[in-house]
Amino acid sequence: MSRNHVSATVNGDQVEFLCETGQTLLEALRDELRLTGTKEGCGTGDCGACSVIVDGRLVCACLMLAVEAEGKAIQTIEGMATGETLHPLQRKFIEHAALQCGICTPGILIAARSLLERNPNPTEDEVRYWLAGNLCRCTGYHKIVDAVLDAAREMRGG
Amino acid sequence: MRYEAPKTLEQAIALLSGANGQARVLAGGTDVLIQLRSGRADPQLLVDIKAIPEMRAVVADSGGYRIGAAVTCMELIENEVFARDWPGVVDGVKLIGSVQVKGRATLGGNLCNASPAADGVPALIAAGALVCIAGPLGRREAPVEDFVLGPGRTSLGNGELVAAIQLPRRAPHSGDAYLRFTPRTEMDIAVVGAAVYLTLDGKGVCRSARVGLGAVAARALLVPAAAAALIGTTVDEAALERLAAAASAACRPIDDKRGTKQFRVKVAGVMARRAAAIAIERARRQG
Ligand SMILES: Cc1cc2nc3c(=O)[nH]c(=O)nc-3n(C[C@H](O)[C@H](O)[C@H](O)COP(=O)(O)OP(=O)(O)OC[C@H]3O[C@@H](n4cnc5c(N)ncnc54)[C@H](O)[C@@H]3O)c2cc1C
Ligand code: FES
Ligand code: FES
């Protein structure tokens, strides 16, 4: 196996790491960069726990090779709060009790953030479709959808 | 395993040809990574095609479109001009996994992976799309329905790859649509998929039609008999009945956990009929 050198930015910081060709971006984030906020649920693109944003696109970090991250701008859950100040989505998830075990939460927060960046005023249906690739085995989704809609309302200044 | 991201098509072809069949093209990787993980694929070389500029573009070409093989599903969905002309192709693309999956997956990869249930393929067949293939011996084109040979098998030779998919000029008064049957509305694999592309004349009579079916045989099918049921009619109830019967008759499905043969045969007719109803609605609206 050959080692590849990758340089990219993660949450605005320049990072460099070495990876095997077969290593996923998810493994590189967690094992090489020690950013363990991004979770592995399935490793096969089905659960969305590994959701990150790469050059503005919501993707599964388990479906992307680490070498493919060369030159890319990656956003993970670790970059969502500003210092001690939580992002409105994070705050609303706590207020609405939109999490229980929390495994799905980083992925859902990242996915919701990417939705609200595109569509600040989504309908409930649009939220449900956008989050269809994020599985939660605990909450039953209602509280998650409520939290996203409420955060959207607040972020629009209503 | 080595990774290369060539910047030109020529370099990509040279890498593939030099690897004695031990190379894999990497587009969005949403099928490739799963196959690597499970051990079903064990190539010595991955050739990432995303750094090749001509593969990244959707180009208007002789009234139609050339979709580069590395264009992602999300990019295609967001391309409003394309979606206006080929809404049925976009119906299929929208069904390929979650937003996350579509952020990486390509239509070219959907075709080359050669799954009989690939959601992108029936509407391409109905539209009369061509696969633009490039290889060590130059370029060639093939109709989509002839490109896939069976599950996991395509007509690509050693060193060849798909450069683009070419959609023809959409005819006036025409419309296309794709529908699939799945137990869940999202994140599921088609039990049956059906696509219809039809053209009306000024009097509302169907002048040409093409019907594509997915997940009902070893590969997606072009069904001329189903199209013939529509041509020369106003796509009335009787014509739709004949369409459904012809679509069902063309199925050569398997029994599996997603559906029995009998169920697939029946549902193929229903899906074809419903897709035709959407296509005709779009044809009337688009003028
Ligand atoms: C969670 C999940 C859900 C999914 N849901 C669906 C669904 O609902 N419907 C559906 O149809 N599919 C679905 N898929 C399958 C997959 O996402 C699609 O088939 C996708 O379109 C593949 O495109 P890709 O660019 O990721 O292909 P890749 O994985 O990059 O490639 C697929 C295959 O084609 C070859 N290849 C790719 N591009 C070329 C080229 N230009 N020339 C030659 N060979 C090439 C590769 O070598 C590989 O063998 C799903 C996948 C996942 C992980
Ligand atoms: S871990 Fe990536 S989708 Fe489940
Ligand atoms: S909170 Fe446990 S999986 Fe969602």
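Q: Leaving aside its neighbours within four places in sequence, which residues is B:Gln166 in contact with?

A: In this predicted model, B:Gln166 touches B:Asp61, B:Ser62, B:Tyr65, B:Arg66, B:Ala129, B:Leu130 and B:Cys132, once its neighbours within four places in sequence are set aside. The residue itself has its place in strand 10 of chain B, which covers residues 161-167.

Q: Is B:Gln166 buried or exposed, and why?

A: The label depends on a cut-off, since buried means under 20% relative accessible area. B:Gln166 has a relative accessible area of 12%, and therefore counts as buried.

Q: How should I read the interface of chain B and chain A, and how many residues of each chain are in contact?

A: The size of an interface is often given as the accessible area lost when the parts come together. Here 26 residues of chain B are in contact with 30 residues of chain A, and the area buried between the two chains is about 2,300 Å², with carbon and sulfur atoms giving 61% of it. On the side of chain B, the residues B:Met1, B:Gln100 and B:Arg104 supply 29% of the area that this chain buries against chain A, which is more than any other three residues.

Q: How many salt bridges does the rule find across the interface of chain B and chain A, and which elements of chain B give two or more residues to the side that touches chain A?

A: The rule finds five salt bridges across this interface; one of them joins B:Lys50 to A:Glu68, where the closest N and O atoms are 2.5 Å apart. Polar contacts are counted as well, and there are eight residue pairs of this kind between chain B and chain A, both residues being at pLDDT 80 or more. The elements of chain B that give two or more residues to this side are strand 1 (2-4), helix 2 (32-38), strand 3 (45-48), helix 3 (73-78) and helix 6 (99-102). By class, the residues on this side of chain B divide into 11 nonpolar, seven polar and eight charged.

Q: Into which domains is chain B divided, and how many residues of each are in contact?

A: The same reading can be applied within a chain. Chain B is divided into domain 1 (2-115 + 130-167) and domain 2 (174-286), and 25 Å separate their centres, taken over C-alpha atoms. In chain B, 17 residues of domain 1 are in contact with 13 residues of domain 2, and the two domains bury about 1,300 Å² between them, 51% of it on carbon and sulfur atoms. The count between these domains is two salt bridges, and B:Arg210 forms a salt bridge with B:Glu145, the closest N and O atoms being 3.1 Å apart.

Q: What does the count of salt bridges give between domain 1 and domain 2 of chain A?

A: In chain A, the domain assignment gives domain 1 (4-78) and domain 2 (88-155), and the count between them is zero salt bridges, although five residue pairs are in polar contact, both residues at pLDDT 80 or more. Strand 3 (51-54) and strand 4 (57-60) of chain A each supply at least two residues of the side of domain 1 that touches domain 2, and strand 3 of chain A gives the most, with three residues. The area buried between these two domains of chain A is about 1,200 Å², of which carbon and sulfur atoms give 59%. In domain 1 of chain A, the residues A:Ile53, A:Leu58 and A:Ile77 lose the most area to domain 2, together 38% of what that side buries.

Conventions: Residues numbered from 1 in each chain as written. Chains lettered and ligands numbered in written order. Predicted model: local features only at pLDDT ≥ 70, side-chain atom pairs only at ≥ 80, totals over all residues. Heavy atoms only, no water. Contact = heavy atoms within 4.5 Å. Buried area = accessible area lost by both parts, 1.4 Å probe. Salt bridge = Lys/Arg side-chain N within 4 Å of Asp/Glu carboxyl O. Polar contact = N/O pair within 3.5 Å; in protein donor to acceptor, adjacent residues only side chain to side chain. Helix = DSSP H or I, 4+ residues; strand = E, 2+ residues; numbered from the N terminus. Nonpolar A, V, L, I, M, F, W, Y, C, P; charged D, E, K, R; others polar. Buried < 20%, exposed > 50% of the residue type's maximum accessible area, 1.4 Å probe, protein only. Domains from an automatic or database assignment.
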